[in-house]
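Here are some notes to read alongside the structure, for someone meeting it for the first time. Take the points in order and keep the view open as you go.

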Amino acid sequence: MSVARMFRTLGLAALTLALTMLSLPAGMGAAAARAADEPAPPAASSPAPGPLARGDEAYARGDLAAAAAAYDQAFHGTPDKLVALCRLVRAESEMAEDSSGQSQQRLLSSAVTHGRDAVAAAPDSALGHVWLAVALGRQALHQGPKSRLALAREIKSEVDRGIAINPNIGRAYHVRAAWNRNIASLNFVERSGAAMLGGVPKGASMENAVADFEKAVALEPEYVNHRLELGRTYHMMHREADARRELEKCIALAPVSSARDARYQTEARQLLSRLPRQP
């Protein structure tokens, strides 16, 4: 795994997710704030928007604090807790990316707690497992090597469970692709250090990372960050023509797929500028 990094390399093990997002540009509708894999809320029975709708509207404006407050209200006030919990995880974990110190730790811990609550509320739903994996990944960014290794195993377990339940969630393949990429790209020193802490998780490869990113793109071709991270992976494998193609497609997409599209596209332009010139 973004911000706009999906996984980042830290110390002994680059075992975390790159799912960070910026605020949506002004004027984007609440529907754009909902990830493609999330079920739409029930139709409102009155013109006044409920807390879930208010949360979506705040998220679309880039007001993550207001979005989180509204989603928390929705979580406590509706029998259908899964959607509210998943959106609360999203808002809290994104707020943590722009925080530091105790505030950051509190937000990360809360996001993980709400991810676990989502799994408990609907254990047979893929969404809770996928969003728990997202929250764990962001928490792992700020842990020591031993904790990161343990979290990496749980991240993989949760995302695999989500895919087994619903194989059509692009976000899940993105998470697993980033896991594969960062485990596979550990250097000798990192692997040696990890061996003393229980070993590197098995089965990761750059080829698996490409396959999962390509699956994410196939499921959600307009999702900007899928294209960015696929292009980044191609670049790491020295497949520069493929990297250029995906980065150019990333930049050309309308920035309406997530709250961090503007940052993703900036990163794509920067990476594209560093690729070897075409003959």
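Which side chain does R87 join in a polar contact, and at what length? Keep that in mind; point 2 picks it up.

1. First, the ground rules and the overall picture. This is a predicted model, so please read everything below in that light. The protein chain has 13 helices and zero strands, and from the N terminus on its elements are simply one α after another. Of its 279 residues, 54% count as buried.

2. Now back to the opening question. The side chain of R87 makes a polar contact of 2.8 Å with the side chain of D56. R87 belongs to helix α4, residues 81–97. Is R87 buried or exposed? Its relative accessibility is 0%, under the 20% cut-off, so R87 counts as buried.

3. The partner is worth a look too. D56 is one of the buried residues of helix α2 (residues 51–61), and the others on that list are L52, G55, A58, Y59 and A60. Just after α2 you will find G62, which has a positive phi of about 85°.

4. Stay with α4 and look at how it packs on helix α6 (residues 126–140). Their axes come within 10 Å and cross at roughly 15°. An angle under 35 degrees counts as roughly parallel, so that is how α4 and α6 lie to each other. The crossing is left-handed. On the α4 side the contact uses L82, C86, V89, R90, S93, E94 and E97, while α6 brings L127, G128, W131, A135 and R138. Sorted by class, that contact has six nonpolar, two polar and four charged residues.

5. α6 also packs against helix α7 (residues 145–165), with axes 8 Å apart and an angle of about 160°. Angles over 145 degrees count as roughly antiparallel, so α6 is roughly antiparallel to α7. Here, too, α6 passes α7 in a left-handed crossing. From α6 the contact takes A126, H129, V130, L132, A133, L136, G137, Q139 and A140, and from α7 it takes R148, L151, E154, I155, E158, V159, R161, G162 and I165. The classes come out as ten nonpolar, four polar and four charged.

6. Next, jump along the chain to helix α11 (residues 224–236) and helix α13 (residues 261–274). How do these two lie relative to each other? Their axes cross at roughly 25° and come within 9 Å, and α11 and α13 are therefore roughly parallel. This crossing is left-handed. V224, N225, L228, R232 and H235 of α11 meet D261, Y264, Q265, E267, A268 and L271 of α13. That contact divides into five nonpolar, three polar and three charged residues.

7. Finally, try clicking on C250, which sits in helix α12 (residues 240–252). Its relative accessible area is 0%, so C250 is buried. Which residues does C250 touch, leaving aside neighbours within four places in sequence? They are V224, R227, L228, Y264, Q265 and A268. V224 and L228 also belong to the α11 side of the contact in point 6, and Y264, Q265 and A268 to the α13 side. One distance to check on screen: the C-alpha atoms of C250 and L230 are 9.7 Å apart, with these positions 20 residues apart along the chain.

Definitions and conventions. Residues are numbered from 1 along each chain as its sequence is written. This is a predicted model: local features need pLDDT of at least 70, side-chain atom pairs count only at pLDDT 80 or more; totals for chains, interfaces and linings use all residues. Side-chain values use heavy atoms; hydrogens and water are left out. Axes are lines fitted to C-alpha atoms, for helices over the stretch in contact, and angles run from 0 to 180 degrees between N-to-C directions. Helices (H or I, at least four residues) and strands (E, at least two) are DSSP runs, numbered from the N terminus. Angles under 35 degrees count as roughly parallel, over 145 as roughly antiparallel, 65 to 115 as roughly perpendicular and the rest as oblique. A crossing is left-handed if the near helix is turned anticlockwise from the far one by less than a right angle, and right-handed if clockwise. Contact means heavy atoms within 4.5 Å. Ala, Val, Leu, Ile, Met, Phe, Trp, Tyr, Cys and Pro count as nonpolar, Asp, Glu, Lys and Arg as charged, and the others, Gly among them, as polar. Buried means under 20% relative accessible area, exposed over 50%, partly exposed in between (1.4 Å probe, protein chains only). A polar contact is a pair of N or O atoms within 3.5 Å; within protein, one must be able to donate a hydrogen and the other to accept it, and residues adjacent in sequence count only if both atoms are side-chain atoms.
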